[in-house]
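Student: I have a model open and would like to go through its sheet and its rings with you. Shall we start?

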Amino acid sequence: MPDSRVERLLDAVLAITADVDLEGVLRHVVEAACALVGARYGALGVVGDDGELSAFVHTGLDTGTVEKIGALPRGEGVLGALLEDPETLRLERLADHPRSVGFPPHHPPMHGFLGTPIRVRNEVYGNLYLTEKIDGGTFTQDDEDLVEGLAAVAGAAIANARLVEGLQRRDAWRDAVLELAVEFVAGAPIGVARRRVAEVGRRLLDGDGAAIVIVDEDDRSMVVASVGEGPEPGAVPPEAPVHHTLARQEAIHATGAPLFDGRAVAWAPLRDEAEGTVGALGVGREEPFGAEDLELLESFTAQASLALAHQRTAAELQRLQLLEDRERIGRDLHDTVIQQLFATGLSLQALTRRVEDTPVVAERLARAVDDIDATVKQIRSTIFGLQARGTPASVRAAILDVIDEVGALLDHPPRVRFHGAVDTVIGEVVADHLTPVVRETLTNVAKHARATHVEVELTVDGGDVVVRVRDDGVGGVERHRPGGLGLGNLHDRAETCGGSLTIHSPPGGGTEVLWRVPVEGQV
């Protein structure tokens, strides 16, 4: 081998080994190989888990030509032959090979071909392709020997770059888990905690967006947290790959994901020691995911599951503490405030009898007694609400739990009001529909309204139960099409219970959703 070729080989080796970034190493390999044998065009196809090309690094074509050609090769024709039989292949004319399939429109002509596999630890990592000698000649045996030598060095450089990448990934995983642990110890609400898990997962895999999906009490898969270019909150399409993860409790990666606008997606399950799989974390991006990405995401979700379980436990402890406080406040209100007001009312009633000859004073005293009675009723309703909120079977508690969960998707927590004895007169049939109705309505507001203020009212009005949700968002009944899945469900639930659904968007903006059914449901 001439000294000049040896020097060029050494220069090529130095160029390849000077970088530890995997993407940089691959590009250096292609450029060094072209310079080494005088090739006009070069490429390195990385073999994916399915045996096809998962990445294609190339040089020699300008940006305009690449855009005209369109999709990069996936491993057909002569490239496919090298995938099936990973041995060096040298051709004077590509068109003479029996596997040749020609070139797509706008592709420059290519005649001579030299391809060789790149192995990393005895496994084929990819194939190096070189075409079209700059001097117009054909590739020689010396060229073949040089490229095979370069491929051996490239394999070692790629192995080193993958090792460094693995260490960086582990560092990123450790930092991500530590970040979650530090933040969750502070006791963030479950909605905030879920969005934080999604955001850290997105950054961990260099994703464009991320989302968390759970299964609600109606056995529907719902997006409950989304960051970046992730999907909007709401129901998950039946064809989404996340259903596989939820059903089989295993991580997967796919392309053309409907939740991520056709991009690649990786899903990994979120598990609970007592309940099994309780959801899934998905990350989407333009570039396909590999086995290492999936392993990293699954390892992260294992730790994130523990953090979310900690949040649920902390929230339950806080709920119990609040329950104790509410019981104490209720006792104090009943034993002191109500008794004092009751005594004051009796005194005023006694005074009324003494001033019957003064109608104006008597009327004022009677009005004061009525006000005291109304105040006592309000305090008793408050006491009842404080006690009922801590009761697992309480309608109030169930509604408040849903608002805490879905309200985290809004910019500001909704204002909530209850009117009437909602925990004593609402029938079981209607109670089973109330939480899905509130969840669906608030989710719709979060997805479309861009509201800054939301009010939720649950009222027992005579023989009816009324759910009223108002927002100050963009308005427009067109965003509440009856044919939509969400509002269709609200309408169907109302009809099932013998009631009605009314939606009103005034000209000034905002929307009011009114769901009214009999307290006992359909009879």
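Student: At about what angle to β12 does helix α10 run?

Tutor: Happy to help! This is a predicted model, where local features need pLDDT of at least 70, side-chain atom pairs count only at pLDDT 80 or more, and totals for chains, interfaces and linings use all residues. Residues are numbered from 1 along each chain as its sequence is written, and side-chain values use heavy atoms, leaving out hydrogens and water. Helix α10 (residues 395-406) lies across β12 and β13, with contact meaning heavy atoms within 4.5 Å. Helices (H or I, at least four residues) and strands (E, at least two) are DSSP runs numbered from the N terminus, and angles run from 0 to 180 degrees between N-to-C directions of axes fitted to C-alpha atoms, for helices over the stretch in contact. The angle to β12 is about 165°.

Student: In what order do the five strands of the open sheet come?

Tutor: Two strands pair if DSSP finds at least two bridges between them. The pairing in this sheet is mixed, and β12 (415-419) and β15 (500-504) are the edge strands. The order is β12-β13-β14-β16-β15.

Student: Which residue in β13 stands opposite R415?

Tutor: β12 and β13 run parallel, joined by five bridges. Opposite R415 stands E455.

Student: How far apart, centre to centre, are the rings of F56 and Y129?

Tutor: Rings of Phe, Tyr and Trp (its six-membered ring) pair if their centres lie within 6.5 Å; planes under 30 degrees apart count as stacked, over 60 as edge-to-face and the rest as tilted. F56 and Y129 are both buried (under 20% relative accessible area, with exposed over 50% and partly exposed in between, using a 1.4 Å probe and protein chains only). Their planes are at 25°, a stacked pair, and the centres lie apart by 6.3 Å.
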